[in-house]
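Please look over the model shown here. The report that follows walks through a few of its residues and one pair of helices.

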Amino acid sequence: MNNPQILFVMGVSGSGKTTIGTLLAQKLNIPFFDGDDFHPASNIKKMSVGIPLNDDDRQGWLERLNKLALEHTTTGAVIVCSALKEKYRVILGNQLEGLHKIVYLEGSYELINDRLIQRKNHFMPKGLLRSQFDTLEIPHDAITVSIDQSPEAIVADIIKML
């Protein structure tokens, strides 16, 4: 990457955002941030009892992630978050014109559900996966990679497309 970029790695829960984002940030030698760490306690509580977040719940969270991105425009950063709707991605990219890219981790419901069954200690229960797929608006202006390969291969594919 010649110019610092903010890379928003997005996809439904269980698509590998944290794993891929961490590896990508290491390969590019830029900071990594997990968007889940920026949710207010009220959002985490809601999700932990199986209640999907609505647009109002997400507004402040997305604005916090946008501010984080703006603070890293000179260094670049990888920020992972679900950003399932186009309007969420607009908020994330506010004032970042030409300085950010969306990386979409694409996978089937079956594959991701199997992963969630095996995942432990995450606040989002697997029962919310269907609501995430129902909410998902697949980005058309993103670097799209299939998650049906090793994390190293996924990161290599992303780097080729930067």
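Leu129 sits in helix α6, which covers residues 129-135. Helices here are DSSP runs of H or I with at least four residues, strands are runs of E with at least two, and both are numbered from the N terminus. Leu129 is buried, because its relative accessibility is 0%. Buried means under 20% relative accessible area, exposed means over 50%, and partly exposed is in between (1.4 Å probe, protein chains only). In sequence, Leu129 and Val12 are 117 residues apart. In space, their C-alpha atoms are 7.3 Å apart.

This is a predicted model, in which local features need pLDDT of at least 70 and side-chain atom pairs count only at pLDDT 80 or more, while totals for chains, interfaces and linings use all residues. Residues are numbered from 1 along each chain as its sequence is written, and side-chain values use heavy atoms, with hydrogens and water left out.

**Two buried side chains**

Val12 appears again with Ser15. A polar atom of the Ser15 side chain lies 2.8 Å from the backbone oxygen of Val12. A polar contact is a pair of N or O atoms within 3.5 Å; within protein, one must be able to donate a hydrogen and the other to accept it, and residues adjacent in sequence count only if both atoms are side-chain atoms. Ser15 is found in the loop between β1 (6-10) and α1. Ser15 counts as buried because its relative accessibility is 1%. Beyond its neighbours within four places in sequence, Ser15 is in contact (heavy atoms within 4.5 Å) with Leu105, Ile112, Arg115 and Ile147.

Now take Arg89, in helix α4 (residues 86-92). Is Arg89 buried or exposed? Arg89 is buried, because its relative accessibility is 5%. Its side chain has a polar atom 3.3 Å from the backbone oxygen of Leu84. Leaving aside neighbours within four places in sequence, the contacts of Arg89 include Met10, Ala83, Ile102 and Glu137.

**Positive phi**

Most residues other than glycine have a negative phi. Two residues that are not glycine have a positive phi here: Ala83 and Gln95. The table sets them side by side.

| Residue | Phi | Loop | Relative accessibility |
|---|---|---|---|
| Ala83 | about 40° | between β3 (77-80) and α4 | 2%, buried |
| Gln95 | about 70° | between α4 and β4 (100-106) | 61%, exposed |

**Two helices that cross**

Helix α1 (residues 17-28) meets helix α7 (residues 151-161). Their axes come within 9 Å and cross at roughly 55°. So α1 is oblique to α7. Axes are lines fitted to C-alpha atoms, for helices over the stretch in contact, and angles run from 0 to 180 degrees between N-to-C directions. Angles under 35 degrees count as roughly parallel, over 145 as roughly antiparallel, 65 to 115 as roughly perpendicular, and the rest as oblique.

Which residues of α1 and α7 make the contact? From α1 they include Thr19, Ile20 and Leu23, and from α7 they include Pro151, Glu152 and Ile154. The contact residues divide into nine nonpolar, one polar and two charged. Ala, Val, Leu, Ile, Met, Phe, Trp, Tyr, Cys and Pro count as nonpolar, Asp, Glu, Lys and Arg as charged, and the others, Gly among them, as polar.

Ser150 is in the loop between β5 (143-146) and α7. Ser150 is partly exposed, with a relative accessible area of 35%. Ser150 and Ile20 are 130 residues apart in sequence, and their C-alpha atoms are 9.7 Å apart in space.
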